[in-house]
Amino acid sequence: IHVGQIVSKNTQWPYTLLRQFHTPPMMDMLALESRLASLEKRLLDAQKERENSLARQSKCDRELRDLESCKLEDERHNTQMNKMVTSLEEKVDMYKTQASEAEQVAANNLNMFRRKQQELEEAEERARKREEDWARCKGEEEMSKL
C-alpha cells in the first residue's frame, strides 16, 4: 500500500495507516505492560543473582585471605623447622666428632694402661727376683758366719 493511495481514499489517513501496521492501542498497552512486568521480574532476578554472586565472591575472598594467611604461617613454620633441622644436624656432626675423639682417647688410655700394667708386672717380677736374691744372699751370709 502506498501512502498516496491511502490519503486519497480516506481523509483519516494516519489512523488507517496505524491500523494497517499496528495492533489496536489497548492491546499494545497490555502487551507493553506484560513485557514491562516480565522485564521487571528479570531485573529483580538478575539483581538477586548479582547479590548472590557478590556474597559468594566475598566468601571466596575471605577464604582466599585465610588460605594466604595460613600459607604465610606455614612458610614461616617451615623456615623455622629447616633452621632447627640444620642446627640439629650440626649438633649431631659435632657429637659424632666428639665421640670419635673420645674413642681415640679411650683407646690411647687403654693402650697406656696395658703398657703400664705390663711395666708394673715386669717391675714386680724384678723386685721379687731381687728380694729372692737378697734373701739368698742374707741366707748365705748367715751360713758363712756359722
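Helices are DSSP runs of H or I of at least four residues, numbered from the N terminus. The exercises below apply this to a predicted model.

**Exercise 1.** Determine how many helices and strands the protein chain contains, and in what order the elements run.

*Solution.* The secondary structure comprises three helices and zero strands. Read from the N terminus, the order is α-α-α. Helix H3 spans residues 25–145.

**Exercise 2.** Establish how Arg128 and Glu132 are placed in helix H3 and what contact their side chains make.

*Solution.* Step 1: both residues belong to helix H3 and lie four residues apart, so about one helical turn separates them. Step 2: their side chains form a salt bridge, with an N to O distance of 2.8 Å; this falls within the 4 Å cut-off. Step 3: the relative accessible area is 37% for Arg128 and 42% for Glu132. Since partly exposed lies between 20% and 50%, Arg128 is partly exposed, and so is Glu132.

**Exercise 3.** Analyse the pair Asp133 and Arg136 in terms of distance, spacing and accessibility.

*Solution.* Step 1: the closest N and O atoms of this salt bridge are 2.2 Å apart. Step 2: Asp133 and Arg136 are three residues apart in helix H3, again about one helical turn. Step 3: Asp133, at 35% relative accessibility, is partly exposed, as is Arg136 at 49%. Step 4: elsewhere, salt bridges with shared partners join Glu125, Arg128 and Glu132 into one network.

**Exercise 4.** State what share of the residues of the protein chain counts as buried.

*Solution.* Of 146 residues, 1% are buried. The accessible surface is about 13,900 Å², with 57% belonging to carbon and sulfur atoms.

Conventions:
Residues are numbered from 1 along each chain as its sequence is written. This is a predicted model: local features need pLDDT of at least 70, side-chain atom pairs count only at pLDDT 80 or more; totals for chains, interfaces and linings use all residues. Side-chain values use heavy atoms; hydrogens and water are left out. Helices (H or I, at least four residues) and strands (E, at least two) are DSSP runs, numbered from the N terminus. Buried means under 20% relative accessible area, exposed over 50%, partly exposed in between (1.4 Å probe, protein chains only). Accessible areas come from the Shrake-Rupley method with a 1.4 Å probe; for residues, only the protein chains shown count as cover.
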